[in-house]
Amino acid sequence: RYDPATAVLRVRASGMPETPTEPELWIVPADGGAPVSLGQIDRDGETVISVAEGHRSLINSNARFSLSMEPPSDSPSERPSAEFVADGAIDLI
């Protein structure tokens, strides 16, 4: 769930298997531009992400959220190092 008034994105995951890599959430812009990382998320439970001002306009119904498995890191990756393992449309309500 994303609240544009507060720029807070809440992501819930469950049942992800343990691996040496961590799930990282990306916005894939509608214009086909480079994916933008929102950071790594928890494998089980809710992750709260404060979306950076420069990324907020990318969250729209023409973009997609995608997930890749990346090496553990405290900061967002510049680009995915692996193929996306999950992908979904963004529905604005």
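Accessible areas here come from the Shrake-Rupley method with a 1.4 Å probe. With that in hand, show the surface of this predicted model: about 5,800 Å² of the protein is accessible, and carbon and sulfur atoms hold 50% of that area.

Next, switch to a cartoon. You will find one helix and seven strands, running along the sequence as β-β-β-β-β-α-β-β.

Now zoom out to the C-alpha trace. Its atoms fill a box of roughly 35 × 25 × 20 Å along the principal axes. The radius of gyration is 13 Å, which agrees with the value near 12 Å for a compact globule of 93 residues. Colour by burial, and 30% of the 93 residues count as buried. If you draw contacts with a separation of 6 or more, 62% of them join residues 24 or more positions apart.

Select the charged residues next. There are 7 positive and 15 negative charges, and the mean positions of the two groups are 5 Å apart.

Finally, look for aromatic pairs: the count comes to one. Select W26 and F84, whose ring centres lie 6.4 Å apart with planes at 65 degrees; an angle over 60 counts as edge-to-face, so this pair is edge-to-face. The two residues come from distant parts of the chain, with W26 in strand 3 (residues 22–28) and F84 in strand 7 (residues 84–89), 58 residues apart.

Keep both rings selected and turn the surface back on. Which of them is buried, and which partly exposed? W26 is buried, because its relative accessible area is 0%, whereas F84 counts as partly exposed at 33% relative accessibility.

Conventions: Residues are numbered from 1 along each chain as its sequence is written. This is a predicted model: local features need pLDDT of at least 70, side-chain atom pairs count only at pLDDT 80 or more; totals for chains, interfaces and linings use all residues. Side-chain values use heavy atoms; hydrogens and water are left out. Helices (H or I, at least four residues) and strands (E, at least two) are DSSP runs, numbered from the N terminus. The radius of gyration is taken over C-alpha atoms; the globule rule is 2.2 Å times the number of residues to the power 0.38. Buried means under 20% relative accessible area, exposed over 50%, partly exposed in between (1.4 Å probe, protein chains only). Contact means heavy atoms within 4.5 Å. Lys and Arg count as positive and Asp and Glu as negative; His and the chain ends are not counted. The place of a charge is taken as NZ of Lys, CZ of Arg, CG of Asp or CD of Glu. Rings of Phe, Tyr and Trp (its six-membered ring) pair if their centres lie within 6.5 Å; planes under 30 degrees apart count as stacked, over 60 as edge-to-face and the rest as tilted.
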